[in-house]
Amino acid sequence: MAEQGSNYNNRDENPMMLSRRQMLVGLGLGATALAAGMAGCSSPKGQDAAPSQAEEDIEAAPSLKEPTQTIEADIVVVGSGMGGMSAAVTAAEEGANVVVLEKQSILGGGTNFAEGVFGMGSDLQKEAGVNGNLLDLIKLELEFQRYIVDYTLWDFVVAGAEENLKWLIDHGVEFVELGDGPYAGIRTQHMYVDHRGSNMIAKLEEAALDLGVDIHKSTPATHLLMDGEKVVGVQAESGKDIINVNAKAVILATGSAGENNELFDRYTTRHSEKYAWCGAPGLTGDGIKMAVEAGMGEPFRLMAPIVGTTVEPLGVASHLASLGAMNPYVLWVNQDGIRFTDEGLTRAYTTSANAVESQYKTYSIVDQALFDRLVSDGDPNVGWGYYVLKGTPLTDAPQELEQELSRGSENVFKAESIADLAAALGMDAATLEKTVQEYNAIVDAGEDVLHSKKPVYLTDKIETSPFYAFRVKGSKVNMFGGIHINENVEVVREDQTVIPGLYAAGVECGGFQGETYGITVPSSCQGISLSTGRRSAKNAVKYAKG
């Protein structure tokens, strides 16, 4: 998962890039196989519709099954990303008997695709002369989010930044470099080996097993076990087995609900039809659902951290998606064929999708000359973070293009003339032709009098047949929030009363987020997950012992 504030500068060498792309494509994050996971968008906001099945499910009373197996534990952790694994290892170090339940067949969830983690006090920072005040960094984040975020939560993340990073290092987690953040005085983003969080998860898995943590993969948790208002365990399923894990405390760390379009539409201000899911499979809001069942109330402050733009169903590792959706040289138009923004905003990963949200539909227009240039030579401004490095020749794009066209994609179009392209897009031909002429004149003049696009991006006219259009969507790589917590990482109800025995960790903790993916705290997803994971574990163990 690309993190805000990542070092997206052009690099001369990156020998691990191919293996990273292969991993992503192999898991469906850069291939057309992702399409199956994108079906079933809910009705647009503002329309009257019966509650969807997902909406009914999240509000339904739990339906427990007769268990075929029972496990006893002090702490059960649901989920195995940074939040879950840091919680499990910390709880075990505190002397607890710990069980981890993971829905997928591998550990890590969305953390597998994280690039780095927020932290302070490392040798890398000392060598780089990093200095500054973390409180100033958080102040910038609060200002950026218009103070909708909860300072009492950010406070313990910042306070533990040095201790928690050292804890990872003590467990063998290696960091290869510092990322560049927008706040130049404090480079807090510590990049994992190969820029892959899966390498960090492997170290925490090793530590967990050494400590005797009982890890169950392919075992999704389905419901909490309750004794009155107190949480006393989790019911899970593994094949045909129904497993009750009786525990003194439960930590929910299931990675929020990025893949659940119904929750996305109902509880965020965005519209799922304008976004493509590019994150890890299985992030459907399981922990949120269980917290609601336990009496938390409505899902709390769900926020969609959209990072960059893409072409559905292609993912962040796709060359064609980079060419069609993350390319500042192209022409963007809306559903009416009108140019409405500066296309250079594609380089602003955390806010570019806001322009997509502003229109009913967004298309990029590319001619054959620009297509060929990016395929053969690449460009220092075209790429997708560490997934498709800037300057990489986009050699996979022609094959991906033919695949999408041959399957009749609704998001990729080819035509011999602008008029024919307009017809394929359902636009007025004269309007699109006029927009293209005006844009070509802007390129000739080297000055964008409409949207102030930087001259460095005004290099390619739309004039060489054939012409291509790509439906541009925001890249939905994860989701923030859903579970209401306090500063002790206990799950609370709407009136702030605590649900005994229930804790949360990771990005599904609500309160850290505003309406836009934070730009001030690089790798904040991983930093929040690490901090809440360790803090929830320590408090859960105290509760269990009490």
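Reader: Which residue with a positive phi follows helix H3?

Author: In this predicted model, helix H3 is followed by Gly95, whose phi is positive, near 95°.

Reader: How is the span of such a helix to be read, and what span does H3 reach from its first C-alpha to its last?

Author: The general idea is that an α-helix has 3.6 residues a turn, so residues three or four places apart point the same way. H3 has 12 residues. From its first C-alpha to its last, H3 reaches 16 Å, close to the 16 Å expected at 1.5 Å a residue.

Reader: How many residues of H3 are buried?

Author: A residue is called buried when its relative accessible area is under 20%. In H3, 11 of the 12 residues meet this criterion, so the helix is largely enclosed by the rest of the structure. The buried residues include Met82, Met85, Val89 and Thr90, along with Gly83 and Gly84.

Reader: How does one look for enclosed empty space, and how many cavities of 30 Å³ or more does the structure hold?

Author: Rolling a probe the size of a water molecule over the atoms shows where empty space is left. Here the structure holds five cavities of 30 Å³ or more. The largest cavity has a volume of about 400 Å³. It is lined by 34 residues, and those closest to its centre are Gly110, Ala253, Thr254, Gly255 and Leu283.

Reader: Which elements give two or more residues to the lining of the largest cavity, and how does the lining divide by class?

Author: The elements are helix H3 (82–93) and helix H17 (524–545). By class, the lining has 18 polar, 13 nonpolar and three charged residues.

Reader: Let us turn to the strands. Which residues lie on each face of strand E11, and which strand is joined to E11 by four bridges?

Author: Strand E11 (residues 249–252) is covered on both faces: Ala249 and Ile251 are buried on one side, Val250 and Leu252 on the other. Strand E2 (residues 75–78) runs parallel to E11 and is joined to it by four bridges; Val76 has Val250 as its bridge partner in E11. E11 also pairs in the parallel sense with strand E22 (residues 498–504), over three bridges. There, the bridge partner of Leu252 is Ala504.

Reader: How should salt bridges be read, and how many are counted?

Author: The cut-off is a side-chain nitrogen of Lys or Arg within 4 Å of a carboxyl oxygen of Asp or Glu. By this rule the count comes to 18 salt bridges. One of them joins the side chains of Lys103 and Asp286, at 3.0 Å from N to O. Lys103 lies in the loop between strands E3 (98–101) and E4 (116–118) and Asp286 in helix H10 (residues 286–293), so that distant parts of the chain, 183 residues apart, are linked. Lys103 is partly exposed, with a relative accessible area of 30%, and Asp286 is partly exposed at 21%.

Reader: Is Asp460, the partner of Arg373, buried or exposed?

Author: Asp460 counts as buried, at 10% relative accessibility, whereas Arg373 is partly exposed, at 23%. Their side chains meet at 2.9 Å, N to O. Arg373 lies in helix H13 (residues 368–377) and Asp460 in the loop between helix H16 (429–445) and strand E18 (467–471), so the pair ties together parts that are 87 residues apart in sequence.

Reader: Which residues do salt bridges with shared partners join into one network?

Author: The network consists of Arg339, Glu343, Asp448 and Lys453.

How values were computed:
Residues are numbered from 1 along each chain as its sequence is written. This is a predicted model: local features need pLDDT of at least 70, side-chain atom pairs count only at pLDDT 80 or more; totals for chains, interfaces and linings use all residues. Side-chain values use heavy atoms; hydrogens and water are left out. On a 1 Å grid over the protein atoms alone, a cavity is a set of points where a 1.4 Å probe fits but cannot get out, and a pocket is an open set with protein on both sides within 12 Å along at least five of seven lines; lining residues have an atom within 4 Å of a point. Grid points are joined across faces, edges and corners, and a volume is the space filled by probe spheres set on the points. Ala, Val, Leu, Ile, Met, Phe, Trp, Tyr, Cys and Pro count as nonpolar, Asp, Glu, Lys and Arg as charged, and the others, Gly among them, as polar. The expected span of a helix is 1.5 Å times one less than its number of residues. Buried means under 20% relative accessible area, exposed over 50%, partly exposed in between (1.4 Å probe, protein chains only). Two strands pair if DSSP finds at least two bridges between them.
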